[in-house]
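The following exercises are to be worked with the sequence and the structure at hand. Each task is followed by a solution in steps.

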Amino acid sequence: GRGKILDNQISGSKHAGVACLSGAVCEATNNRITGVQAATAVMVSGYSRVVIRQTEFQAVKMALVVSGGARVTLVDSRVLHVNDDAITVRGEDSFLDASKTEIFGNSANGVVVLDGAEAKLSENKIYFNGKGGVVVGEDCLGTMSRNEVRDNVGKDVVSLAPQRRFVIG
């Protein structure tokens with residue numbers, strides 16, 4: 001189905017604040033998702049297509065999980081004080097296009113790309129995370145350009161993918 005999630009305060013979810021599953025097409029704009037340290041703010045899977053704009057993710061276990069061939073665009077948002085990896089993209093055909101987003105002060109990694117997923121990261125600020133800033137698995141695709149990645153506890157960027165598959169510019 002199709003849906004719009006606009007101008008909401010979503011908090012206290014036990015599992016997921018927002019779940020877009022099984023081919024859903026969603027748009028989420030100007031939301032604030034906070035809550036339980038055991039919950040994921042947004043889960044997207046099953047070849048769903050989601051655009052997230054001007055949304056703040058705070059004080060959850062994970063902010064955004066993209067899997068199962070889903071495609072997510074994340075623009076002009078903030079991800080902070082997340083208890084685990086802030087953003088995870090995993091699995092073949094899964095794709096994240098993140099731009100102009102601030103990812104900071106999270107307990108683990110800022111962005112993790114694994115298991116054949118693809119990511120395009122541009123004009124983001126990724127800093128002060130408890131582990132790495134951006135971690136890319138060896139079988140992943142994508143690009144990074146014009147990002148400010150600094151002051152993470154671990155390495156700012158760890159890419160196990162060959163340079164021709166995941167281009168860092």
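The model is predicted, and the values below are computed from it.

**Exercise 1. Locate Asn152, classify its exposure and list its contacts.**

Solution.
Step 1. Asn152 belongs to the loop that connects strand E20 (148–150) with E21.
Step 2. The relative accessible area of Asn152 is 8%. Buried means under 20%, so Asn152 is buried.
Step 3. Residues up to four places away in sequence are left out of the contact list; Asn152 then touches Ile126, Tyr127, Phe128, Asn129, Lys131, Gly132 and Gly133.
Step 4. Two polar approaches of the side chain can be given. A polar atom of the Asn152 side chain lies 3.4 Å from the backbone oxygen of Ile126. With the side chain of Asn129, the side chain of Asn152 makes a polar contact at 2.9 Å.

**Exercise 2. Determine how many aromatic pairs the structure holds, and describe their geometry.**

Solution.
Step 1. The structure holds 2 aromatic pairs. A pair of aromatic rings is described by the distance of the centres and the angle of the planes.
Step 2. For Phe104 and Tyr127, the ring centres are 5.3 Å apart and the planes stand at 10°. Planes under 30 degrees apart count as stacked, so the pair of Phe104 and Tyr127 is stacked.
Step 3. Phe104 is located in strand E14 (residues 102–104) and Tyr127 in strand E17 (residues 125–127); the pair therefore ties together parts that are 23 residues apart in sequence.
Step 4. Tyr127 also forms an aromatic pair with Phe128, with 5.2 Å from centre to centre and 75° between the planes, and this pair is edge-to-face.
Step 5. Through these ring pairs, Phe104, Tyr127 and Phe128 are linked into a cluster.

**Exercise 3. For the rings of this cluster, decide which are buried and which are partly exposed, and state where Arg150 lies.**

Solution.
Step 1. Phe104 and Tyr127 are both buried; for Tyr127 the relative accessible area is 9%.
Step 2. Phe128 has a relative accessible area of 48% and is partly exposed.
Step 3. Arg150 lies over the face of Tyr127, 4.6 Å from the ring centre. Arg150 also lies over the face of Phe128, where the distance to the ring centre is 5.6 Å.

**Exercise 4. Establish the strand order of the open sheet of 7 strands and identify the strands at its edges.**

Solution.
Step 1. The order is E3-E6-E9-E12-E15-E18-E21, and the pairing is parallel.
Step 2. Strand E3 (16–20) and strand E21 (157–159) each have a single partner strand and stand at the edges, so one side of each is left without a neighbour in the sheet.
Step 3. On average, and with direction ignored, neighbouring strands of this sheet are turned by 5° against each other.
Step 4. One of the pairings may be examined in detail: strand E6 (residues 40–44) and strand E9 (residues 62–66) run parallel and are joined by 4 bridges. Val44 has Val66 as its bridge partner in E9.

**Exercise 5. Describe the surroundings of Val51.**

Solution.
Step 1. Val51 is part of strand E7 (residues 49–53).
Step 2. The relative accessibility of Val51 is 26%, so Val51 counts as partly exposed.
Step 3. Apart from neighbours within four places in sequence, Val51 is in contact with Cys26, Glu27, Ala28 and Thr73.
Step 4. Thr29 is 22 residues apart from Val51 in sequence, and their C-alpha atoms are 8.1 Å apart in space.

Technical notes. Residues numbered from 1 in each chain as written. Predicted model: local features only at pLDDT ≥ 70, side-chain atom pairs only at ≥ 80, totals over all residues. Heavy atoms only, no water. Pairing = 2+ DSSP bridges. Helix = DSSP H or I, 4+ residues; strand = E, 2+ residues; numbered from the N terminus. Axes fitted to C-alpha atoms, helices over the stretch in contact; angles between N-to-C directions. Buried < 20%, exposed > 50% of the residue type's maximum accessible area, 1.4 Å probe, protein only. Polar contact = N/O pair within 3.5 Å; in protein donor to acceptor, adjacent residues only side chain to side chain. Contact = heavy atoms within 4.5 Å. Phe/Tyr/Trp six-rings, centres within 6.5 Å; stacked < 30°, edge-to-face > 60°. Lys NZ or Arg CZ within 6 Å of the ring centre and 35° of its normal.
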